[in-house]
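Biologist: I am new to this model and would like a close look at a single part of it. Please start with one residue and then place that residue within the rest of the chain, taking your time over each step.

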Amino acid sequence: MADTASMPAGVEFKAPIHPDFKHILTPEAVAFVAEIERRFGARRRELLAARAEVQAKLDAGWKPDFLPETKEIREKDWTVAPLPEDLKDRRVEITGPTDRKMVINALNSGAYVFMTDFEDANAPTWDNMVRGQVNLYDAVRRTISFDDPISKRQYKLNDKTAVLLVRPRGWHLPEAHMLVDGEPVTGAFFDFGLFFFHNAKAALEHGTGPYFYLPKMEHYLEVRLWNDVFNFAQDTIGIPRGTIKATILIETILAAFQMDEFLWEIRDHSAGLNCGRWDYIFSFIKKFRNDPDFVLPDRGLVTMATHFLTSYSLLLVKICHRRGIHAMGGMAAQIPIRGDEKANAEALEKVRLDKLREVKNGHDGTWVAHPGLVATAKAVFDEHMPGPNQVDRKRDDVNITAADLLKVPEGPITEAGFRQNINVGLLYTEAWLRGNGCVPLYNLMEDAATAEISRTQLWQWVRYNAKRSDGKVIDEDLFKKTLDEEVGKIKHGLNDAARGKAVDAAADLFRKMVLTKEFSEFLTLPAYDYVLSHGG
């Protein structure tokens, strides 16, 4: 374990501090993180408890609506603070984890923004979390490079690079390797605190700033907590309030009813809202899991063309533009398909049509998962959005009701969709348990949201004995039989003992989470326990 003699009182590390980490885990930086935890950790726990209370209401049949107590905020005219110059044009953003080669390639990709991810595209092993901070420290100072031992190629930054935004973990995730007064520090505070402490002033010196993406919030009081953390952090290191800019991902169904309130709470620090579509689908299933009227079809049929997702996207655009700020579109998860020109062309056409829908709806930018998609997305936005953004397009023609946001999509549950959820869920979870949170599967770049949708749908289908289109009823026996078949397919010809163990562990975890009577809020929490128990 780490030598904590020089660390602040009350702080303990449960993992080694590698020599490469010492300039990140300095006593001063650690004290900063610990102070954030001590000031704000209790509020975070209270807010998580409030989520459980809301879930109990949902389980009893309550349905969300726009909040009566914040009607005045929704109805009165106000705008958020102005953006700095380097955030005014965000037409293409690329996302990915914090590993060194990825950071360089993403910053060099031609995208306008790179959202580097400590959350869903990252498995939170100790090495991943702190080495990611090392990589971003070097990226902000433009000293980052990487010598690939396989290709012998050296990677370094181009003269012109994307603007860096950082996504810390959601409120629910702890960082178990650092204890403050005997309890794990909040993962979000660890990620934000270390990056901000080391890099806020350096970013400003390089003509940019400390910019963030904030995930998975469910209530405007959770946004208020972030805003208070931002004010404390800026005051502590001596930079003006409002220097931090943050884009909030609207990726929970409850957040969709509070988008005005989210922007109001963070109005001095706001860089807009983003359609986090995959987690939004996961949240929709999860929150209404105990209502048999909310059983969804194959996840491949739950596209942005469905009524509830189109409604959420349009409402986000209308609200953001009314408040004078960017409405960011969602992720194109496709990756280039080498060696199959026809399949690659079809994938790029799907990306083009997705981005065309977004720009025509009024979005000011969009996400891609791979550098090979930047040009396709950029061409669509260049053609239909000649200015840096289209915030002036107010979309007063849009009128979205609570019923629009809660309309359940219809369609079949097929054997292929059933098996896909099991197969992809297993493959992603297996990779995550081995420390990889960004996984290419079947020509798509997947993160934790994919596995969450997969296992949540499976739980729901088994719970309600949903009938497949072939007439078979999805019960526990069918799930267990099909799971064993998919495990056998994955392990067939696998000569890697470590991967074989990870497949078995993923299958065990997946089986328990699908068949449990008490639904687990996040797959990543028990998966994190597994990683910790295996030295990760």
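Modeller: Arg 289 has a relative accessibility of 7%, and because residues under 20% are classed as buried, Arg 289 counts as buried. Please keep in mind that this is a predicted model. Arg 289 is found in the loop between helix α8 and helix α9, the latter covering residues 307-322. Once its neighbours within four places in sequence are set aside, Arg 289 is in contact with Gln 55, Trp 459, Tyr 464, Phe 519 and Glu 521. Arg 289 also lies 231 residues away from Leu 58 in sequence, although the C-alpha atoms of these two residues are 9.1 Å apart in space.

Helix α8, on one side of that loop, leads to a charged pair. In general, side chains of opposite charge can pair when their charged atoms come close. Arg 277 and Asp 354 form a salt bridge in which the closest N and O atoms are 3.2 Å apart. Arg 277 belongs to helix α8 (residues 277-287) and Asp 354 to helix α10 (residues 341-361), so this salt bridge ties together parts that are 77 residues apart in sequence. Both partners, Arg 277 and Asp 354, are buried.

A second pair can be set beside it. Glu 430 forms a salt bridge with Arg 499, and here the closest N and O atoms are 3.1 Å apart. This pair links distant parts of the chain, with Glu 430 in helix α13 (residues 415-433) and Arg 499 in helix α16 (residues 497-515), 69 residues apart. Glu 430 is buried, with a relative accessible area of 2%, whereas Arg 499, at 24% relative accessibility, counts as partly exposed.

A third pair joins Asp 235 and Arg 241 in a salt bridge whose closest N and O atoms are 2.6 Å apart. Asp 235 counts as partly exposed at 43% relative accessibility, and Arg 241 counts as exposed at 52%. Salt bridges can also be linked to one another, and one such network takes in Asp 117, Glu 119, Asp 120, Arg 167, Lys 216 and Asp 279. In the structure as a whole there are 56 salt bridges. As for the charges overall, the protein has 69 positive and 77 negative ones, and the mean positions of the two sets are 2 Å apart.

Another buried residue can be read in the way that Arg 289 was. Gln 133 lies in helix α4 and, at 1% relative accessibility, counts as buried. Not counting residues up to four places away in sequence, Gln 133 touches Ile 24, Phe 118, Phe 190, Asp 191, Leu 194 and Phe 195. Helix α4, which covers residues 126-140, is also one of the elements against which the buried residues of α3 pack, together with β2 (92-97), β3 (113-117), β4 (145-147) and β5 (154-156). Those buried residues of helix α3, which itself covers residues 100-107, are Met 102, Val 103, Ile 104, Ala 106 and Leu 107.

Two loop residues deserve a look for their backbone angles. Most residues other than glycine have a negative phi. Lys 152, found in the loop between β4 and β5, has a phi near 65 degrees, a positive value in a residue other than glycine. Lys 152 is exposed, with a relative accessible area of 68%. Asn 443, which lies in the loop between β14 (439-441) and β15 (444-446), has a positive phi near 70 degrees, and this residue too is other than glycine. Asn 443 counts as partly exposed, at 39% relative accessibility.

Finally, these parts can be set within the whole protein, which has 17 helices and 15 strands. Its radius of gyration is 22 Å, close to the 24 Å that the globule rule gives for 536 residues, so the protein is as compact as a globular protein of that length. The C-alpha trace spans about 65 × 60 × 50 Å along its principal axes. Buried residues, such as Arg 289, make up 59% of the 536 residues in the protein. Among contacts with a separation of 6 or more, 77% are accounted for by residues 24 or more positions apart. The protein exposes about 21100 Å², and carbon and sulfur atoms supply 51% of that area.

Technical notes
Residues numbered from 1 in each chain as written. Predicted model: local features only at pLDDT ≥ 70, side-chain atom pairs only at ≥ 80, totals over all residues. Heavy atoms only, no water. Salt bridge = Lys/Arg side-chain N within 4 Å of Asp/Glu carboxyl O. Buried < 20%, exposed > 50% of the residue type's maximum accessible area, 1.4 Å probe, protein only. Helix = DSSP H or I, 4+ residues; strand = E, 2+ residues; numbered from the N terminus. Rg over C-alpha atoms; globule rule 2.2 N^0.38 Å. Contact = heavy atoms within 4.5 Å. Areas by Shrake-Rupley, 256 points an atom, 1.4 Å probe, with all protein chains shown as cover. Lys, Arg positive; Asp, Glu negative; His and termini not counted. Charge placed at Lys NZ, Arg CZ, Asp CG, Glu CD.
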